[in-house]
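Me: I am new to this structure and would like a close look at one part of it. Could you walk me through that part slowly?

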Amino acid sequence: MMKKIQRFGGAMLAPVMLFSFFGIVIGFSLLFSNQTIMGNIAAPNTLWYKIWNVIAAGAWTPFFQLPLLFVVGLPISLAKKYAARASMEALVIYITFNYFINAILTLWPNSFGVDLTQGAIAGSGLTSIAGIITLDTGMIGALLISGIVVYLHNRYYEKELPEMLSIFTGSTFVIMIAFFTMLPLSVIMCFVWPTIQEGMRSMQGFFIESGNFGVFIYQFLQKILIPTGLHHFVYAPFAYDSAVVERGMAAYWASHISDFQTSAHSLKELYPFGGFSLSGMSKVFGTAGLSLAIIQSARPDKKKKVIALIAPAALTAILTGITEPIEFTFLFVAPALWLVHAVLDASIAAVSYAFGVVGDFGGGVINWLGLNWLPLWKFHGSTYITQIIIGLIFTSIWYFVFTFMIKKFDLKTPGRESDLELMKLYSKTDYENKKQSVKMPKHVGQAQAYMDLVGGKDNVIDVTNCATRLRLTVKDTSKVADHAEFQAAGASGLVNTGNGGIQIIVGLTVPTVRESFEKLMRE
């Protein structure tokens with residue numbers, strides 16, 4: 001069950017990964033179309049102003065169509081076969097589901113306490129999906145419907161029907177079953193969702209009023225659960241659903257930047273729930289501190305190799321906010337550091353919030369520039385100077401705490417183990433494989449190497465991925481090579497999660513590696 005939950009959580013990343021690019025485009029669009037900053041070139045009705053508003057209109061796509069992205073994104077990771085077909089099925093059924101709800105609320109207007117005639121306005125509990133006025137079930141509804149369709153797809157897509165009914169096989173058969181499943185589900189949703197929405201509104205007030213303690217607990221849970229993959233279920237309702245604000249913090253912040261630019265109020269007054277979007281503080285300042293600690297604690301003869309291993313991963317984390325390669329580098333060789341890391345992560349978020357630092361700081365420096373510093377520095381520069389000062393103080397804390405613990409308890413972080421490098425004799429087969437890998441794209445060669453190292457395709461039961469890791473379930477873990485061989489093949493490391501689960505830390509190219517890996521599985 002835990003593996004299924006982890007796969008589900010990891011699958012949620014597919015649409016979320018789009019936010020980084022589109023958010024930065026929105027930030028620059030708002031910056032360049034602001035007359036106060038750009039001068040008369042950005043005056044309304046100028047060509048410059050209109051061009052940037054056209055660009056911004058396209059950049060709002062993932063923020064305004066998030067449910068649809070979750071619907072089609074989930075099958076990409078969870079469908080065992082024919083993921084493209086599963087995505088189409090999920091989209092069709094999700095739209096069908098919302099048509100059902102619209103018809104039910106229209107035909108029985110007094111039975112559910114929902115006034116459909118008011119339209120999709122703020123506070124109505126309604127939204128527009130593909131032009132359909134329906135209940136605003138947000139990310140939860142999208143994931144629920146898509147999850148049901150993926151289950152039906154995996155079970156019934158290859159179901160053989162009698163010859164005379166063969167026209168209904170494949171996607172049509174899945175959609176047929178899902179269609180009739182949506183009828184009772186739509187009725188149930190009309191009854192229960194308005195009550196759930198009231199509960200979510202009450203929860204919004206609770207979290208906003210929870211202050212620094214609430215920020216600390218939220219951030220601690222988000223960090224401490226990363227090894228289990230369950231952290232997605234902590235932050236996703238805040239960032240992309242209505243846990244603290246309607247439509248989620250990501251969409252709210254991006255759509256209100258222009259208002260924040262000209263207000264005399266502080267950012268914390270304007271955005272009181274912004275403490276729940278400070279995970280990037282740890283990703284930038286924490287990563288810098290712990291990376292320096294790992295390098296400093298390495299044996300003198302291995303420091304150059306440790307720098308080569310740590311520096312690229314640290315730079316990736318600081319710039320993009322993708323921390324898993326470097327965090328998992330020390331998590332599974334020195335797990336005692338993880339609890340300390342989670343406490344410091346929560347502390348920097350809570351302290352920053354206490355001093356008025358809020359915004360969309362869930363990613364790395366690139367995200368900070370596009371959605372925070374560039375468009376808002378002129379008006380809220382003092383807030384960002386405070387942020388940097390707090391961050392540098394915590395960088396020092398991370399550095400000294402990690403250095404002390406690593407040396408005091410002789411933790412085997414990179415550069416302190418007995419032998420980091422793989423020593424082996426190469427056979428003719430190894431040589432031929434090496435020559436062949438030169439001729440093929442890097443991700444293909446990596447996939448082939450990983451396939452060999454996990455015992456071949458006959459030993460692989462299941463494959464999926466998250467942001468940086470290739471997640472596998474294998475039949476026999478004794479056939480899996482050790483972490484040094486995976487590092488020699490280009491991976492940052494190997495994680496054995498138990499019960500046949502392993503995770504190969506690949507990096508940001510993991511989607512293409514997974515596609516090549518799955519192709520090898522089918523051959």
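Where does UniProt place the feature "active site"?

Reply: Happy to take you there! Keep in mind that this is a predicted model. The UniProt record, an unreviewed entry, puts the feature "active site" at C466.

Let's start with the surroundings of that residue. C466 is found in the loop that joins β3 (460–465) to β4 (469–474). Is C466 buried or exposed? With a relative accessible area of 2%, C466 falls under the 20% cut-off, so it counts as buried.

Now look at the two strands on either side of the loop. β3 and β4 pair in the antiparallel sense, over five bridges. To find this pairing on your screen, pick V460, which stands opposite V474 in β4.

These strands belong to a wider arrangement. Which order do the strands of the sheet follow? The sheet is open and has four strands, in the order β3-β4-β6-β5, with antiparallel pairing. β3 and β5 (493–498) stand at the edges and have a single partner strand each, so one side of each is left without a neighbour in the sheet. On average, and with direction ignored, neighbouring strands of this sheet are turned by 20° against each other.

A helix joins the picture here as well. Helix α23, made of residues 510–522, lies across β3 and β4. Its direction is at about 155° to β3.

So, to gather up the part you asked about: C466 sits in the loop between β3 and β4, C466 is buried, and helix α23 lies across those two strands.

While you have the model open, here is something else to look for. A search of the whole structure finds 33 aromatic pairs. In one of them, the ring centres of F260 and Y271 are 6.0 Å apart and the planes are at 55°, so this pair is tilted. The pair links distant parts of the chain, 11 residues apart: F260 is in helix α13 (residues 249–262), and Y271 is in the loop between α14 (267–270) and α15 (280–297). F260 is buried, at 3% relative accessibility, and Y271 is buried too, with a relative accessible area of 1%.

Another pair, F361 and Y384, is edge-to-face, with 6.0 Å centre to centre and 75° between the planes. Both residues also belong to one aromatic cluster, together with F285, W368, W373 and W377.

Note on methods:
Residues are numbered from 1 along each chain as its sequence is written. This is a predicted model: local features need pLDDT of at least 70, side-chain atom pairs count only at pLDDT 80 or more; totals for chains, interfaces and linings use all residues. Side-chain values use heavy atoms; hydrogens and water are left out. UniProt positions are given in the numbering used here, feature names are shortened, and annotations may be inferred rather than shown by experiment. Buried means under 20% relative accessible area, exposed over 50%, partly exposed in between (1.4 Å probe, protein chains only). Two strands pair if DSSP finds at least two bridges between them. Axes are lines fitted to C-alpha atoms, for helices over the stretch in contact, and angles run from 0 to 180 degrees between N-to-C directions. Contact means heavy atoms within 4.5 Å. Rings of Phe, Tyr and Trp (its six-membered ring) pair if their centres lie within 6.5 Å; planes under 30 degrees apart count as stacked, over 60 as edge-to-face and the rest as tilted.
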